[in-house]
Amino acid sequence: MDDLLREFLTETSESLDTVDNQLVRFEQDPNNAKILDNIFRLVHTIKGTCGFLGLPRLEALAHAGETLMGKFRDGMPVTGDAVSLILASIDRIKEILAGLEATETEPQGSDEDLIEKLHEMVEHGMAAMSAPAPLVASASAAPEPAAPVAAIPVAEGTLVPQTLERALRPGEVSLDDLERAFQETAIEVVAPALVPSSAPEAEPRAASPKKEAKEASKPAAKRPSADLEVVAEGDKIANQSIRVNVDTLEHLMTMVSELVLTRNQLLEISRRNEDTEFKVPLQRLSNVTAELQEGVMKTRMQPIGNAWQKLPRIVRDLSGELHKQIELEMHGADTELDRQVLDLIKDPLTHMVRNSADHGLETPAERVANGKPEQGTIRLSAYHEGGHIIICIADNGRGLNTERIKAKALQNGLVTEAELDKMTEAQIHKFIFAPGFSTAAAVTSVSGRGVGMDVVRTNIDQIGGTIDVKSVAGEGSSVTIKIPLTLAIVSALIVEAAGDRFAIPQLAVVELVRARANSEHRIERIKDTAVLRLRNKLLPLMHLKKLLKIDDGTSSDPENGFIVVTQVGSQTFGIVVDGVFHTEEIVVKPMSTKLRHIDMFSGNTILGDGAVIMIIDPNGIAKALGASGSASHEIADENAASRANAAEQLTSLLVFRAGSSQPKAVPLGLVTRLEEIAADKIELSNGRYMVQYREQLMPLVQMAGVSVQTSGAQPILVFADDGRSMGLVVDEIIDIVEEKLHIEVAGSQEGILGSAVIKGHATEVIDVGHFLPMAFADWFSRKEMRPSQSAQSVLLVDDSAFFRNMLAPVLKAAGYRVRVAPNAQEGLAALRSGQAFDVVLTDIEMPDMNGFEFAETIRADQHFGAMPIIALSSMVSPAAIERGRLAGFHDYVAKFDRPGLIAALKEQTAELSRAA
Amino acid sequence: MSKEANMTSKTQIAEGSVAEYVTAMIGGQLFGLPISRVQDVFMPERLTRVPLSSSEIAGVLNLRGRIVTVVDMRARLGLPKNDDGKPAMAVGVDLRGESYGLLIDQIGEVLTLADDSREENPVNLDPRMAKLAGGVHRLDGQLMVVLDVDRVLELLPTQLAA
C-alpha cells in the first residue's frame with residue numbers, strides 16, 4: 001500500500017478513536033465549544049489530507065461537514081438534528097475509510113444525500129433545523145452495508161465475507177483470510193501482499209500483487225492455498241518494523257535508568273572489595289547496560305525528515321490545484337528529535353506549508369508583476385541552536401496583510417482600536433495564532449478557515465515550544481518554531497557551583513577556559529562587572545553561584561575559575577563555575593510545575609549515579625546578563641514579546657566618561673583591551689603622548705577636553721588592529737552594559753556618532769573611526785589601495801547606524817565604492833534600482849527581515865542569483881555558518897574582524913572578476 | 001462546639017462513612033493524610049536543592065526513576081526547622097501526574113476514623129495551618145489535623161526565597 005495512504009489511514013483511525021468518545025459527549029453537550037473544536041479539527045485534517053491523496057468523495061463530505069461545523073463555531077445554535085447529521089457524516093467517513101483500507105480506493109457511491117443535507121443545514125440555518133427528521137435519521141442509519149456502498153461488493157466484503165459467487169482464482173485470497181489478516185496484523189502491516197481482492201472490478205489492481213505472490217511461492221502459485229504464502233509474506237514485512245507505544249519506550253527507559261543505578265551501586269561495592277570474583281561479570285554487566293541504555297535512547301529519536309515525507313507531494317498537488325508554481329526546499333532533514341515531539345509537530349508543519357502555498361505565495365502573474373520569478377519557494381529548515389530545535393517555514397510570497405489582520409482582530413473583538421494603534425507590526429501579526437482567525441477573503445478547499453494556525457499553536461504549546469511569525473510585505477513571511485529540549489536527549493557538560501552540580505547543554509557551549517591570576521586568561525573587573533580577555537575581545541562573565549543565589553561565601557580567588565564560554569543567538573558570555581566534571585548524555589525531564597517559573601533552568605535530569613541535577617537554560621542566563629547591568633536603572637516594563645525582540649539585538653557597550661560629565665559609550669566589541677597605565681609611564685614625544693606598551697610605542701589620543709593625568713593611573717581604551725595599537729585616553733570607565741544601540745540624535749561634533757539613551761542616560765556614542773587615523777594617519781588607507789577606476793562597489797546592509805558608519809570608511813579606505821542601506825528592504829530596493837554591485841555585505845540580526853532571509857530572497861531572484869553575499873555577524877558559530885551556507889552566503893565574517901572582512905571581500909570580488 | 005458539630009454534618013458524605021488516614025508528626029503536631037492520596041512513604045536520599053525556588057521546596061530527588069519534588073512541610077506550615085538530628089521521612093503523593101514528597105518528622109500508624117467525628121478547623125487555628133487543614137479529629141489524648149493534600153501543593157511560584 002502507498003506509504004501516504006497507509007499513514008493517512010493510521011492517523012485518521014487514531015483520531016477517530018479519540019473523537020468517538022467526544023462524539024458521545026457532543027450529543028449530551030452540543031454547545032461545548034471545545035468538543036466541537038476537536039471534531040472540527042479532525043474533519044478539517046481529513047479534508048485537507050484527502051485533497052491531495054485524490055479521494056474526492058471523502059473530501060467533498062468532509063468539506064460539507066466542516067462548513068456546517070464552522071457555522072456552529074460562529075454561533076449557530078446546535079440542535080439535535082444537526083448533531084445527528086454530524087454523527088451520520090462521521091459514520092459515513094468511517095465507512096469510506098474502511099473501504100479504503102480494504103481496497104486502496106474509495107468505494108464508489110454517492111454522498112450527495114448527506115452533503116445536500118449538510119448544505120441545507122448551513123443555508124437555511126435555523127429554518128433547516130425543522131427539516132423532516134426521518135430523512136436525517138435514514139442517513140444516520142447509513143452504517144447498514146446496503147446504503148451508499150452497495151454498488152461495490154468489496155467494501156461490503158469486509159462486513160459480509162461470503163458474497164463472492166465464484167471460486168477463488170489462483171493467487172487470490174479469500175475474503176475470510178483477508179479479514180483474518182486484517183485483524184491479526186497492525187495497520188502498518190497492511191502490506192502489498194494483502195491487497196489482492198476477489199472482486200471482479202479489482203482485477204487490474206490485483207494483477208501485480210498476484211505476481212508477487214507467484215514469485216514468492218512458485219510451486220504453490222496454482223493452488224488456492226497461495227493465500228497462506230501471501231499472509232506469510234505480510235508477516236515478514238511486519239517483522240522489520242513495528243509500532244511501539246511511546247509509553248512502552250518511556251517505561252523501558254525508566255527501567256534502564258534503574259538498571260544503571262543498580263549497576264553503579266554494584267561497581268561501588270566491588271571497588272571497595274579489591275579481589276572479588278564478581279569483578280569480571282560486573283564489567284560485562286556494565287558494558288551491556290551501557291549498550292542497552294544507548295539502544296533504548298535511540299529508539300526514541302527520529303530524523304525530522306520523517307515528518308516532512310508527505311510534504312513534497314502535498315506541495316506538488318497544491319501547486320496544481322492553486323495554479324501556482326511552487327518549489328519546496330528542505331534543509332536539515334536529518335536533524336534528530338524525539339519521536340513524541342515529532343508526532344506533535346507533524347500536523348502543524350503540514351498546516352503551515354499549506355498556508356504558505358495558499359495564502360503566502362502569489363499567482364505567477366502577480367509575481368511577475370511584482371518583479372519576482374514566477375516560481376514561488378517554500379523553504380523548510382531545521383537545526384539545533386542553543387539547546388533548542390528550530391524549525392523554520394519560510395516563503396517568498398506576499399507576506400502577511402497587516403491591514404486585514406487588524407480589521408479581523410477588531411471584528412473578532414480580540415483588541416480595541418486604541419490598543420491596535422500602539423502595537424507594532426510584529427505584535428499584530430501574532431493575532432494569526434488566535435483561535436478562529438482567518439483573513440483569507442475566500443474560503444478555499446485548501447485552507448482559510450482559521451483552524452490552521454490555531455492547531456499549530458496548540459500543538460507547539462503542548463510541548464512547551466514557542467512559535468513566532470515574521471513577515472515583510474511583498475517579500476514573504478516565515479514562521480519559526482522553537483522546541484525546547486524537553487523530551488529530547490542531549491549531551492551536557494556537568495559543572496559544579498557552590499558544591500552543587502548542574503548540567504549545561506553542550507550545544508550552547510563554545511569552549512572552556514581556565515582562568516588563573518597570572519596567566520593570559522584572568523578574570524578582571526570593571527567596577528563590579530567581571531570580564532575576561534579572550535583573544536582580543538572582552539567577554540562579559542557571570543558567576544553561576546551568584547546568579548543562582550547559592551553563593552556560600554567561600555569564593556576564594558576572584559581571579560581564578562573555570563569559564564564556560566556560552567553562546568546564545570548573537571550573545572556570547574562566560575559562565576564562571578567552580579569546577580568542570582565531564583560531559584554526559586542526559587535525558588531531559590520536564591521541571592515540576594512548581595519550579596517551571598525559574599528561568600535559569602530548562603529541566604532536570606537523573607545522572608548516571610542516580611542524583612537529580614538541574615539543567616541550566618543558557619537563554620535564561622543570557623536574559624539575566626542583560627538585566628544585571630540595568631539593576632540600578634530599572635527599565636520601564638515592556639511587554640514580554642518586545643523584550644524578547646530587544647534581547648536579540650543587544651550590544652555590549654562600554655560606558656565611560658571623557659571630557660564632559662556626560663557619559664560616552666563605545667561597543668565593547670571594538671575595544672581590544674582596557675588598561676590602566678601609571679601616569680609616569682606616559683611620555684611626550686614629538687608633541688604627542690606615547691606609552692611603551694607590549695614592547696611597542698603606542699600613541700595616545702585624547703578626546704576633546706580630556707587631559708592626561710599627571711599622577712596616579714590613567715585609564716585608556718586600547719584599540720588594536722593588525723599589530724598596531726592606539727590608546728584612547730578617558731577620564732573614567734563607568735560600566736559595561738547590554739543595551740539596544742539606537743542612535744537617536746546624530747552627532748554634530750567630530751568623533752561623536754550621535755546620542756543614544758543608555759540605561760536611562762543620554763550617552764554620546766563615539767566614532768572610533770574618527771580617532772584611529774589620529775594615531776596613525778594611514779590607519780585605514782595602508783590596506784592595499786585599489787586604483788579607483790576599477791573600484792568595485794559594495795552594498796552594505798546593516799540596521800545599526802554605528803556599524804554602517806564604522807564600516808563604510810573602512811571599506812572606502814580599502815578601495816571599494818560603498819552604498820549603505822539601513823535594512824534588508826532598502827537593500828533590495830537598491831539592488832533592484834539598477835545600480836550594479838559587485839558584492840553584498842549584510843548583517844544577520846536585523847528586524848523584519850534578517851540576513852538569512854535577505855540572502856534567500858536575493859538567491860531566489862533570477863537577476864542576482866550569482867551575486868556574492870557575505871554575512872557580517874557577531875554570531876559566528878559552526879551552526880550559524882552552516883545556516884548561512886544554506887541561506888546562500890558565500891562567506892561569513894565576524895563583525896569586528898576587519899582584516900577578515902577585507903580578505904573575504906577581495907576573495908569574492910576576485911572570483912567574480914575571474915568568472916567574468 | 002455543638003454548633004460547629006452541626007456545621008460538619010453538611011460536609012458529611014453518608015451516615016457512618018469512615019476514612020483512613022496515614023498519620024505523621026510534623027513539629028510536634030499530629031497530622032493525618034487521607035490514605036487514598038498517599039502513594040508511598042520513603043526516606044529522602046540525595047536530595048538536590050533547587051536554587052531560586054520557593055523556600056518551601058526542599059529540593060528534588062530521584063525515586064525509582066521518577067523525579068520527585070520534595071516539599072518541606074515544616075516550612076509550609078511556618079514551623080521552625082527540625083533540629084533533633086533524626087532523619088526526616090517523606091510521604092509520596094501525586095498531583096496531576098507529577099510526584100511530590102512531603103517532608104515530615106516521623107510517620108505514624110494508619111487510623112480509621114468516622115467522617116462524622118471530624119470537626120471544622122478551630123477559628124483560632126494558626127492561619128498558615130488553617131489554610132492547609134481540612135478539619136480536626138479528636139483522638140485519645142491528642143488532636144489530629146487532617147491535611148488537605150491539594151492545598152498543600154498549591155505552592156505559589158512567587159513565594160521566592162529571599
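This report walks through a helix, some strands and the nonpolar cores of a two-chain structure. Keep in mind that the model is predicted.

**A strand in chain B**

Let's start with β11 of chain B, which spans residues 143-147. Of its 5 residues, 4 are buried, so the rest of the structure largely encloses this strand. It pairs with β2(B) in parallel fashion and with β10(B) in antiparallel fashion. If you want anchor points for the pairings, B:V145 is the bridge partner of B:F31, while B:L143 stands opposite B:R138. β10(B) and β11(B) also make up a hairpin, with 4 residues between the two strands. In that turn, B:G141 has a positive phi of about 80 degrees.

Here are three strand pairings, two from chain B and one from chain A:

| Strand pair | Bridges | Direction |
|---|---|---|
| β2(B, residues 29-34) and β11(B) | 3 bridges | parallel |
| β10(B, residues 133-138) and β11(B) | 4 bridges | antiparallel |
| β10(A) and β14(A, residues 561-568) | 6 bridges | antiparallel |

**The open sheet in chain A**

That last pair belongs to an open sheet of 6 strands in chain A, ordered β10-β14-β15-β13-β12-β11, with mixed pairing. Which strands stand at the edges? They are β10 (509-515) and β11 (523-526) of chain A; each has a single partner strand, so one side of each lacks a neighbour in the sheet. On average, neighbouring strands in this sheet are turned by 40 degrees against each other, ignoring direction. Where β10(A) meets β14(A), A:V509 has A:T566 as its bridge partner.

**A covered helix**

Now for α28 of chain A, residues 851-860, which is mostly covered: 9 of its 10 residues are buried. The buried set mixes side-chain types, including A:F852, A:F854 and A:I858 as well as A:E853, A:E856 and A:T857. As for helices in general, residues three or four places apart point the same way because there are 3.6 residues a turn.

**The nonpolar cores**

The largest nonpolar core has 157 residues. Which of them touch the most other members? Those are A:A503, A:I504, A:L541, A:I870 and B:L102, so to speak the hubs of this core. Apart from it lies another core, of 40 residues, with A:I304, A:A382, A:L400 and A:V455 among them.

Back to A:I870 for a closer look. Leaving out residues up to four places away in sequence, A:I870 touches A:V839, A:L841, A:F889, A:H890, A:D891, A:V893, A:A904, A:L905 and A:Q908.

Definitions and conventions. Residues are numbered from 1 along each chain as its sequence is written. Chains are lettered from A and ligands numbered from 1 in the order in which they are written. This is a predicted model: local features need pLDDT of at least 70, side-chain atom pairs count only at pLDDT 80 or more; totals for chains, interfaces and linings use all residues. A residue is buried if 20 or more other C-beta atoms lie within 10 Å of its own, exposed if 12 or fewer, and partly exposed in between; C-beta atoms are placed from the backbone. Two strands pair if DSSP finds at least two bridges between them. A nonpolar core is a set of buried Ala, Val, Leu, Ile, Met, Phe, Trp, Tyr and Cys residues joined through C-beta atoms within 7 Å. Two residues are in contact if their C-beta atoms, placed from the backbone, lie within 7 Å. Axes are lines fitted to C-alpha atoms, for helices over the stretch in contact, and angles run from 0 to 180 degrees between N-to-C directions.
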